[in-house]
Amino acid sequence: MTPPDASRVLVALRVPATPERAFAAFTDRIDDWWVHNGLFQFTRGRTGTMVFETGPSGRLLERYDDGTEFVIGGVRAWDPPHGFVIGWRQAGFEPDQDTELHVSFAAVRDDPPSTRVTVQHFGWDTIPPENAARHGFPLQVFSLRFAQWWQHQLAGLATTAR
């Protein structure tokens, strides 16, 4: 038996909505469902509003009360309502480090409408364990914890898309 690929975090969840509605809830309403968590913060000690600037040249960012922003990543592929790919950085990353988030939306059934939202997060094997984003965890442990975090995030998306 082949062990799971720890360099990729993979999570899927069925959302009670059409792909169009699930895609729009993920991108246009991200701050309505995003759960901020002290363990996986973009910038240490700060929590802001999640903003997704949609479209092929869009970006995902966290905007703070003082008007500053942290750019999490730029859109690398844009195919509504089927999916998108964005870069993903955290403040502790070196300039040459980033990861990549792939999110896809696939209709599961029509009545009632249901969509499988799949999140694949690649590149954590390029971030050393001593980086604050990895919390010192070995890659397999980190991948499991991060997958649990994404499951929790997608549960919020399911509620918002409903």
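Two residues are said to be in contact when heavy atoms of theirs lie within 4.5 Å. With that in hand, a tour of this predicted model can begin, starting from a single loop residue and moving out to the whole chain.

Pro56 sits in the loop that links β2 (49-53) to β3 (59-63). Is this proline buried or exposed? A residue counts as exposed when its relative accessible area is over 50%. Pro56 has a relative accessibility of 65%, so it falls in the exposed class. Exposed as it is, Pro56 still has partners from elsewhere in the sequence: once its neighbours within four places are set aside, it is in contact with Val75 and Trp78. A related pair is Pro56 and Arg76, which are 20 residues apart in sequence, while their C-alpha atoms are 7.1 Å apart in space.

Val75 and Trp78, the contacts of Pro56, lead the eye to strand β4, which covers residues 69-79. Strand β4 pairs with β5 in the antiparallel sense, over 4 bridges. In this pairing, Ala77 has Val85 of β5 as its bridge partner. The connection from β4 to β5 is a hairpin of 3 residues. Strand β5 also pairs with β6 (residues 99-110), again in the antiparallel sense, here over 6 bridges. Gly83, for instance, is found opposite Ser104 of β6.

How many of the residues of β5 are buried? The strand runs from residue 83 to residue 88, and 6 of its 6 residues are buried, so the rest of the structure largely encloses it. Each face of the strand has cover: Gly83, Val85 and Gly87 are buried on one side, and Phe84, Ile86 and Trp88 are buried on the other.

Stepping back to the whole chain, there are 3 helices and 7 strands. Read from the N terminus, these elements follow the order β-α-α-β-β-β-β-β-β-α. The radius of gyration is 16 Å, close to the 15 Å that the globule rule gives for 162 residues, so the chain is as compact as a globular protein of that length. Its C-alpha trace spans about 50 × 50 × 25 Å along the principal axes.

Of the 162 residues, 44% count as buried. The chain exposes about 8300 Å², and carbon and sulfur atoms supply 50% of this area. Among contacts between residues at least 6 apart in sequence, 50% join residues at least 24 apart. Finally, the chain carries 15 positive and 19 negative charges, and the mean positions of the two sets are 6 Å apart.

Methods. Residues are numbered from 1 along each chain as its sequence is written. This is a predicted model: local features need pLDDT of at least 70, side-chain atom pairs count only at pLDDT 80 or more; totals for chains, interfaces and linings use all residues. Side-chain values use heavy atoms; hydrogens and water are left out. Helices (H or I, at least four residues) and strands (E, at least two) are DSSP runs, numbered from the N terminus. The radius of gyration is taken over C-alpha atoms; the globule rule is 2.2 Å times the number of residues to the power 0.38. Buried means under 20% relative accessible area, exposed over 50%, partly exposed in between (1.4 Å probe, protein chains only). Accessible areas come from the Shrake-Rupley method with a 1.4 Å probe; for residues, only the protein chains shown count as cover. Lys and Arg count as positive and Asp and Glu as negative; His and the chain ends are not counted. The place of a charge is taken as NZ of Lys, CZ of Arg, CG of Asp or CD of Glu. Two strands pair if DSSP finds at least two bridges between them.
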